[in-house]
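Me: I have a model open and want to go through its helices and loops. Short answers, please, with the reasoning shown.

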Amino acid sequence: MKIEKRMYINIFWIIIGLVLVACGIFDIVDSFWSGMGGALIAVGAIRLIQYFKYSKNPEYREKMEIERNDERNKFIGGRAWAWAGYGFVMLNAVGTIAFKILENELLSQYCAYSVCIIIVLYWISFLFLRKKY
């Protein structure tokens, strides 16, 4: 994706964020949405700053290209996703049992369903990747 297109997308996020914050100020939406607007403004602004730095500073651009295309970083990123997935499944499995013991059926079911969804997604991904590779 070209840098100009990314800049426009981030400007769009900032505008959406401003609209949400304004709606929160005028009590059109609740505090969740105005907080979401603040987050969109912050992320959009940070990303715009990064893109300006990327386009103006050749040393920074080279560093980012190396990080983006480095095999070691790709491997570490893949392992980090795997560990995050394992941690998510284990925490939710423990949460399923803990919430059941605490007689909180809704949270217990939420944890159990999230474990099931992750396992189904893993299985589908495994089948897809096995055929691809």
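Me: At what angle do H4 and H5 pack, and how far apart are their axes?

Reply: This is a predicted model, so every value here is computed from predicted coordinates. The crossing of H4 and H5 is left-handed. Their axes lie 8 Å apart, and the packing angle is about 155°.

Me: Which term describes the direction of H4 and H5 to each other, parallel or antiparallel?

Reply: The angle between H4 and H5 is about 155°. An angle over 145 degrees counts as roughly antiparallel. H4 and H5 are therefore roughly antiparallel.

Me: Which residues of H5 make the contact with H4?

Reply: On the H4 side, the contact is made by Phe88, Val89, Asn92, Ala93, Gly95, Thr96, Phe99 and Lys100. By class, the contact of H4 with H5 has nine nonpolar, five polar and two charged residues. The H5 side consists of Glu105, Leu107, Ser108, Cys111, Ala112, Ser114, Val115 and Ile118.

Me: Which residues of H4 are buried?

Reply: Buried means under 20% relative accessible area. The buried residues of H4 pack against H5, which covers 105-132. They are Val89, Asn92, Gly95 and Thr96.

Me: What distance does H4 reach from its first C-alpha to its last?

Reply: H4 covers residues 71-101, which makes 31 residues. At 1.5 Å a residue, 45 Å is expected. The model is close to that, with a reach of 45 Å.

Me: Which residue with a positive phi follows H4?

Reply: The residue lies in the loop between H4 and H5. Its phi is near 60°, a positive value in a residue other than glycine. At 68% relative accessibility, it counts as exposed. The residue is Glu103.

Me: Where is Asp27 found, and is Asp27 buried or exposed?

Reply: Phi of Asp27 is near 55°, a positive value in a residue other than glycine. Asp27 sits in the loop between H1 (3-25) and H2 (31-56). The cut-off for exposed is over 50%. Asp27 has 68% relative accessibility, so Asp27 counts as exposed.

Me: How far apart are the end C-alpha atoms of H2?

Reply: H2 has 26 residues. At 1.5 Å a residue they should span 38 Å. The model agrees with this, because the end C-alpha atoms of H2 are 37 Å apart.

Me: Which residues of H2 are buried?

Reply: The cut-off is again under 20% relative accessible area. In H2, the residues that meet it are Gly37, Leu40, Gly44, Leu48, Tyr51 and Tyr54.

Me: Are H2 and H3 roughly parallel or perpendicular to each other?

Reply: H3 covers residues 58-69. H2 and H3 pack at about 110°, with axes 5 Å apart. Angles of 65 to 115 degrees count as roughly perpendicular. H2 and H3 are therefore roughly perpendicular.

Me: How many charged residues does the contact of H2 with H3 have?

Reply: H2 brings Gln50, Lys53, Tyr54, Ser55 and Lys56 to the contact. H3 brings Pro58, Tyr60, Arg61, Met64, Glu65 and Arg68. By class, four are nonpolar and two are polar. The charged residues number five.

Me: How far apart in space are Val120 and Gly17?

Reply: Val120 lies in H5. Val120 is partly exposed, with a relative accessible area of 44%. Val120 and Gly17 are 103 residues apart in sequence. In space, C-alpha to C-alpha, they are 34 Å apart.

Definitions and conventions. Residues numbered from 1 in each chain as written. Predicted model: local features only at pLDDT ≥ 70, side-chain atom pairs only at ≥ 80, totals over all residues. Heavy atoms only, no water. Helix = DSSP H or I, 4+ residues; strand = E, 2+ residues; numbered from the N terminus. Expected span 1.5 Å × (residues − 1). Buried < 20%, exposed > 50% of the residue type's maximum accessible area, 1.4 Å probe, protein only. Contact = heavy atoms within 4.5 Å. Axes fitted to C-alpha atoms, helices over the stretch in contact; angles between N-to-C directions. Parallel < 35°, antiparallel > 145°, perpendicular 65-115°, else oblique. Left-handed = near helix turned anticlockwise from the far one by under 90°. Nonpolar A, V, L, I, M, F, W, Y, C, P; charged D, E, K, R; others polar.
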